[in-house]
Each structure stands twice: as structure tokens, then as C-alpha cells.
Amino acid sequence: MKQLLLDVNILVDLCVERPGSTNARLALALAEARGTMLWVYAGSVQTLEYVVAAEIHTQAHAQGDKVTHTGARARARHRLERITAGYQWLAALAAEGPVFGAADPEDDQLHRALDRFEEGTAKLLTRDRGMLARYPGRALTPETLIEQQRHPQTQTPGIDFVDLKAQQAAIRPVLERNLHRVLHHGHYILGPEVRELEARLAAYTGAKHCITVASGTEALLISLMALGIGPGDEVITTPFTFVATAEVIVLVGATPVFVDIEPDTGNIDAGLIEARISERTKAILPVSLYGQPADMDAINAIAARHGLPVIEDAAQSFGADYRGNKSGNLSTLGCTSFFPSKPLGCYGDGGAIFTSDDALAQACREIRVHGQSARYVHTRIGVGGRMDTLQCAIVLAKLDRFDHEIAQRQAVARRYHDLLAHQEESRAKTPSRQADTPSQNALCALAPLREPFQLLPWPKADRTSVFAQYTLRVPDRDARQAKLHAAGIPTAVHYPVPLNEQPAYVHLCCPDCTPVAQQLAREVMSLPMHPDLSEADQDRIVAALHASYPQA
Ligand SMILES: Cc1ncc(COP(=O)(O)O)c(C=O)c1O
């Protein structure tokens, strides 16, 4: 059980002193300490105010305090406001309205509301005997809850790789309002939220135009199409990325030319690009991996020398800064993804293109609606590539918290970095290990990886990372992952195989011509990362990592 829905009688226990108040408070304090989310049903507001005010009135009069009904209501509201401040409000939905045929409409409403939670994750806390008898598995008293908390199951809860529950709790009122607005206005395609999101994201990045699209992949595809890239053309990119980056190049009929990466960031090595430019090269497509922008000034300078456009794949780095500018607005075009686990995500698929070039912006807008320049006038080949209004409404709800979340991600990463660097250091001090630990974090291309792990250096001084991933290098990765998994710690590999070694791409580039990508693909491992990762969970992760390697 991770969620508790509080019946009116429990909230009355909390608002006024009466038998049962102490137990109700203790039960909720214990539940909260174990991370249980506490919910109040929005449909109960009026009953709550009425019952609490009546109780206050009765008690006051019994003690000789001649409070009026209005005075008692004011006290009730004040107490309810204070007590419910830390709780989640569970919206009352239309399906919970027609309950007048039920024996007890209010109980029926609560039960229907409880049904919305994922099976087995929520219970109703109540003193109502009828509810307890009718829903024995789903309703419990504070006394039973205290008993259960005193004898918790010994199993330690697992840690999620990405956990968006705290984020959702923080944005719930705005999120629900935004979603309901769309349900009511009904402009599901290119509705007002699409325009609002585009305006806000353009302002956020400083780009003149933002064009929302169906996904990050679609953003890259539409950008290539807008640039007119097609059969016979080459696009320079990195092999150490999610497959979408190269896939879209092949989809437009062009050929990806894979250039090796920097060992310390995993980003394309700008110093190797120029040697791979040919007369067929039509664009450079760097990826800002793990959340840290690539060396965009160097890449832009090379592109300018050869008259080439640059598309930044900012799917992982949206929100990061690079020399005073925002990732996504660092080149001819910038593309990002709103995949749910991305630093700025929706609850499905979504993406955006950024550019300050009017003609390219116009082309992207037309391509995302089947190349349409006016209704049923198709001036170019396009795709069905719009981001839907509901998804835009979700991103809008997250936008106000985005900078705070970036700061949280950076704090989580900083803490990982410090804790792990400390582990690395103490291990280096043990006599048996001194010989093979020459320089902290000095990651040397192709140098054998030192036990037990090596951190990727902290982001470069002229840029920030939004830490879409917190990634380090580990030898013997499979065994390490298995041990962490057994300890309830999920890990991920971004990415296990360079794209030029993937079956569908292997013929496009000799696999051995990107040795750094090859090496990192064997060694990288990402740890759980999200803005609300608690210090306790982080300590557990670091301890499990420590326990996963052979002790010196
Ligand atoms: C670097 C990179 N490019 C492109 C994409 C594709 O984005 P989407 O999943 O929204 O299509 C992703 C998403 O995983 C990515 O990480």
C-alpha cells in the first residue's frame, strides 16, 4: 500500500480532540514516514466543513464557549486548511456523481474514487463500520494501520530508475486543470495549448520559433526534410546515441557518417569532424548526450567554413546552458523530445524543433501537417507529425517547475559525484590499489578501465548538464548490473552498441573506426536519476555499488 484515502471521520479526528484523535495522528505520521501518499477526496469538502463545524460547535458549547454557527464554521475552515495543506486532493470525477441510487451515496463515491488507484496500491482509512464491513480488503482503521506499521514487511522497497510520482504530486492541480480545459474546449489538434507551449518554449530558449511535433524522432526527421536532405547526401553524426538520431538520416534516403566521440563526455569529437566532410555532406547532427551540450561553437565554426547547417539533437539536454545560451538554440535547428523520462517530458510522445530561421520554421510547420501550406494545398512532401493538444497541456503544467527540477537533478548528480569520488579515493588509498590509480577522473581514451569504476568528469566549465542520465564507467558491467539488480537498484546502459555496429547500420561505416564509442559502449552504466531522488535512496544506491565490486 502506497496511498491512503482519508475518510471524513478521520479528518474530523485530526481537526478536533476526541477519542481516536491520538491514534489517527499516530497512524498518519507513521504512514507518511514510510512514504505513503495521503489523499483527501475533493467531493467531501462540504461534508467535511459541515461535520467539523458541528463537532467544534458541540464541544465549545459543552465547555461554555458560546461560539456561533458562523464562528464554528470559520474555525473549521481554518483547521481544515492547515491540516489538508500537506495532502493530495483527489479530484471528484463525473463517474462519481450519479450515486444517488446507492444505499449510501457518499460511501459509494469514495469507493468509486478508490477504484481509480492501481490495484493493490491504495486503501481507505476510516472508522465507518459499514465501509469496513463492506470493503474488508480495502478499508482499515487507524488502529489496524498502526499495527501494520509496527510490523512492516521486511522487504525493502525497490528504487525506480525514473520516478515521476513526486513531480506529479507537485503539479497535480495545474495538470488536472489543463487537461480538463482541453476536454472542455475540444481543440485536440493544434489547440490553444499548442500555441501557448510553442510561445513559452521559444521564449525559454531564446529561439525565434518553436514548432512542436509528435516526438523527438519526428523533430529530427522534419528538420532534415526542411533542409532538403535526401538520397545521395551525407550527414555527419555520432554513433554513440539513441538510434533515432541516425535512423532519420536513413529514412530521408541519406547516409549517416559516424564520427568518433570524446571519451570524457560521450559527445561527438569536434576535432574529428572536418576530416569526414565530403562534397556530399549536407549537415552536421551532434547529440548533446546525457544532458551536456556538445562543443557547439567548434562544430558551428566548422559548419560555417563549409556552408553546412547544424542540427543539435537536444533530446537529452533541453534546459542546459552553453556559453550563455540554451541547448536547442545553439545552431541552425535544435530538436528535443518530450518522452516521459526526459528532463522535460509529457505523458506520451512529443517533441519540438527550435530555429531562428523564418524559412526553415515555415517549412517545418508545413511538413508536420503533410506539407500543407493552406487547407488542402500540399506544397511539399510532409508527414502527420503534430504534437497533440493534451500532451502540450501536460508539458505546460510542468514548465513552471522545470528550472527547479534542473537544479534538483544537478544537486542529485553533484551528490553522486562527491559520494562516488570519495569511494574511489578511499579505495585508491588502500596499498594494493595505489599503483593503478594515477589521476582522479582523468579519463584517458583507450586506457584500461580502473577498478572499481571511473566517473565521467563533471560538465565542462562553459556549460551545464541537465543530467538526463548520471552515467559512469564500470568494468565487468554485466556482473555489476546483476548485483545491483539483486539489491533492488535498477541500472541502464546508454548505449550498449555503437550505431555503426548495429545490424541495420553496420554496412555504413567500418565498426572499428570509432574506437572510443566502442569502448564506452562496453563500459557505461547509468544509475537511477530523477529530480526527487531522496538522499536515503541515493545512499542505498552508492552503498550497493560499493558492495558490488570485489573488496580490496
Ligand atoms: C538522443 C536522442 N535522440 C532522439 C530521441 C528520440 O526521441 P523520441 O523518443 O521522443 O522520438 C531520443 C529519445 O530517446 C534521444 O535520447
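Biologist: Is D107 buried or exposed?
Modeller: This is a predicted model, and its values are computed from the coordinates. D107 has a relative accessible area of 6%, and a residue under 20% is classed as buried. D107 is therefore buried.

Biologist: In which helix is D107 found?
Modeller: The contacts of D107 include D128, M131 and R134, leaving aside residues up to four places away in sequence. D107 itself belongs to a helix spanning residues 105-114. That helix is α5.

Biologist: What distance separates the C-alpha atoms of D107 and D7?
Modeller: Along the chain, D107 and D7 are 100 residues apart. In space, the separation between their C-alpha atoms is 9.0 Å.

Biologist: How many helices and strands are there in the chain?
Modeller: The C-alpha atoms of the chain fill a box of roughly 90 × 75 × 40 Å along the principal axes. Of its 552 residues, 53% are buried. The chain has 17 helices and 19 strands.

Biologist: What share of the contacts in the chain with a separation of 6 or more comes from residues 24 or more positions apart?
Modeller: The count takes contacts with a separation of 6 or more as its whole. Within that whole, the share from residues 24 or more positions apart is 70%.

Biologist: Are α10 and α13 parallel, antiparallel, perpendicular or oblique to each other?
Modeller: Helix α10 covers residues 216-226 and helix α13 covers residues 358-368; their axes come within 9 Å and cross at roughly 120°. An angle of 65 to 115 degrees would count as roughly perpendicular, and one over 145 as roughly antiparallel. The angle of roughly 120° falls in neither range, and α10 and α13 are therefore oblique.

Biologist: By class, which residues make up the contact of α10 with α13?
Modeller: The crossing of these two helices is right-handed. From α10 the contact takes I222, M225 and A226, and from α13 it takes L360, A363, C364, I367 and R368. By class, these are seven nonpolar, no polar and one charged.

Biologist: Which residues of helix α11 are buried?
Modeller: Helix α11 runs over residues 244-251, and G253, just after it, takes a positive phi of about 95°. The cover over the buried residues of α11 includes α10, β7, β8, β9 and β10. Those buried residues are A244, T245, A246, V248 and I249.

Biologist: Which side chain is joined to that of E262 by a polar contact of 2.4 Å?
Modeller: E262 lies in the loop between β8 and β9 and counts as buried at 9% relative accessibility. Beyond residues up to four places away in sequence, E262 touches N267, I268, D269, D295, K460, V516 and L520. The polar contact of 2.4 Å joins the side chain of E262 to that of T265.

Biologist: Which residue has the backbone oxygen that the side chain of R463 reaches at 3.2 Å?
Modeller: R463 is placed in the loop between β17 (454-455) and β18 (470-473), and R463 is buried, with a relative accessible area of 7%. Leaving out residues up to four places away in sequence, R463 touches Q292, P293, A294, D295, D321, Y322 and R323. The backbone oxygen at 3.2 Å from the side chain of R463 belongs to P293.

Biologist: How far apart in space are R463 and Y322, C-alpha to C-alpha?
Modeller: In sequence, R463 and Y322 are 141 residues apart. In space, their C-alpha to C-alpha distance is 4.3 Å.

Methods. Residues are numbered from 1 along each chain as its sequence is written. This is a predicted model: local features need pLDDT of at least 70, side-chain atom pairs count only at pLDDT 80 or more; totals for chains, interfaces and linings use all residues. Side-chain values use heavy atoms; hydrogens and water are left out. Axes are lines fitted to C-alpha atoms, for helices over the stretch in contact, and angles run from 0 to 180 degrees between N-to-C directions. Helices (H or I, at least four residues) and strands (E, at least two) are DSSP runs, numbered from the N terminus. Angles under 35 degrees count as roughly parallel, over 145 as roughly antiparallel, 65 to 115 as roughly perpendicular and the rest as oblique. A crossing is left-handed if the near helix is turned anticlockwise from the far one by less than a right angle, and right-handed if clockwise. Contact means heavy atoms within 4.5 Å. Ala, Val, Leu, Ile, Met, Phe, Trp, Tyr, Cys and Pro count as nonpolar, Asp, Glu, Lys and Arg as charged, and the others, Gly among them, as polar. Buried means under 20% relative accessible area, exposed over 50%, partly exposed in between (1.4 Å probe, protein chains only). A polar contact is a pair of N or O atoms within 3.5 Å; within protein, one must be able to donate a hydrogen and the other to accept it, and residues adjacent in sequence count only if both atoms are side-chain atoms.
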